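Take a look at the structure below. It helps to have a guide the first time round, so here is a short one.

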Amino acid sequence: MLSHEHNEMLCRVGRGTPMGELMRQYWVPALPSTEFPAPDCPPKRMMLFGENLVMFRDSLGRIGALAEACPHRGASLYFGRNEECGLRCAYHGWKFDIHGNCLDLPSEEGIRKENFQANLKARAYPCREVNHMVWVYLGPRKTPPPLPLFEVLTLPAEHVTRPNIMMEEANWLQNMEGDLDSAHLDWVHRRLAEDSPKPEKGVRGFWNPEAPKPPKLDVVPTEYGVYYSARRRLNNSDDWHRINQFILPFHTMITSGDGKVGLRSFVPLDDTHAMLITQSADPVAPLPQGAGEAFARRFEEIGGYIERTHDPRSYFMTRYNKRNDYGRDLEVQKNTMFCGIPFVVNLQDRAMTELMCNDKGEPIYDRTQEHLTSSDAMIIAVRKQLIDAVTNLRDAGKVPPNVDDVELDKVRAATLRLPIDADWKMASAAARQAVLGKPSAGDLPTIL
């Protein structure tokens, strides 16, 4: 279990918190390019790590991210006019470009205006638009670190899906830990029998040929995070290794066994809300027409998203959520699936993690109450890496290696079928590396 102090350290992400400062060292995926369909289109509110932002596409097509509060007297720049390469505050007409420079200060005149304007800046954050997604840097450096070299960022755009995004009403860490927990596949995601059919909604459930035996985990810490194998035996003949990755600060790569590559990012809006942003890519060929857009619309079969409010925490909120038991179908649970919630992306996982609360009722689990076992080896290793990274930054000012050495991000998840008790680390060495033009290792699909 974690101490209360370490739990708070890992979960809180506001400015000045240890984890918040660690996350701000990295580029962060924020919103899809489609949120900004044309130059000078209406700005969008956004929240990252507890900070209220306004994002906009200017007259030249560039994306900007400014602190929402105007530096004059704190009015919301969300209501500003996006025109002529800047955002003009609706309150007094002060205007700022994507770099935070003050372009106009109509409430002053003459030399006073010139001097004031020259020394005034809105808080602005660099943005990069790559492969259908806008990434933001909220860190302290004047010159940001390099953009990560994940394959969803380096492959040609036509190889990469639009992002699929789901808001999660819980702390980012318990959401991400669920993604890295292989043992839960045998329960919350599984079908009741090997020949159980696909339910009307969602994919067919997972099946472990070795059930009810749990997978055997082997965990390897790295400079960039942790990878592990979850081994299941296939009919006493071969071993099925599902090899997944954790990359600092909040990314996972989960094998799908279909030759594709992917990235899943658990991006905190605040301490109790996080977006799961998923992109997939074909490293060999362009995606079939319409496939990239269809990937982004995977929630349509469960009603899509609720109507947005002005609050960014309402963005990408599925209609199936904790207020309606995530659409649980008790007939499906009785006859087909172990859990009657549709197996659509991480909807079932949300039902497990969003109701984990502390004694204040916040969806931030009190990990002092846990009882961990060998099946939690990956969770334990990831927490240790995060604690070490946070402590090194806080106490020694040292950032994790993959902040600047983005070559470390060129890794993959993999699915391998190997002889019983083979050296999976050696056998998977090449499969765990991103190689241009080569499909990811997928000896078996996730759903057998």
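What follows is a short tour of one helix, two pockets and a few salt bridges.

This is a predicted model, where local features need pLDDT of at least 70 and side-chain atom pairs count only at pLDDT 80 or more, while totals for chains, interfaces and linings use all residues. Residues are numbered from 1 along each chain as its sequence is written, and side-chain values use heavy atoms, leaving out hydrogens and water.

**Helix α9**

Start with α9, residues 377-396. (Helices are DSSP runs of H or I with at least four residues, strands are E runs with at least two, and both are numbered from the N terminus.) Its 20 residues reach 28 Å from first C-alpha to last, close to the 28 Å expected at 1.5 Å a residue; that expected span is 1.5 Å times one less than the number of residues. Among the buried residues of α9 are M378, I379, R383 and L393. (Buried means under 20% relative accessible area, exposed over 50%, and partly exposed in between, with a 1.4 Å probe and protein chains only.) The buried residues of α9 pack against elements including α1, α2, α5 and β13, with contact meaning heavy atoms within 4.5 Å. Right after the helix comes G397, with a positive phi near 70°.

**Salt bridges**

A salt bridge here is a side-chain nitrogen of Lys or Arg within 4 Å of a carboxyl oxygen of Asp or Glu. By that rule there are 37 salt bridges. Here are three of them:

| Pair | Closest N to O |
|---|---|
| D404 and R141 | 2.6 Å |
| E177 and R383 | 2.6 Å |
| R313 and D270 | 2.9 Å |

E177 sits in α5 and R383 in α9, so this pair ties together parts 206 residues apart in sequence. Both E177 and R383 are buried. D404, by contrast, is partly exposed at 38% relative accessible area, and R141 is partly exposed at 28%.

**Pockets**

What about empty space? A pocket is an open set of points on a 1 Å grid over the protein atoms alone, where a 1.4 Å probe fits, with protein on both sides within 12 Å along at least five of seven lines; lining residues have an atom within 4 Å of a point. The largest pocket holds about 1100 Å³, and of its 49 lining residues the closest to the centre are I254, T255, S256, R264 and R298. The second largest pocket holds about 370 Å³. E177 turns up again here, among the residues closest to its centre, and α9 is one of the elements that supply at least two lining residues.

Methods
Points joined across faces, edges and corners; volume = space filled by probe spheres on them.
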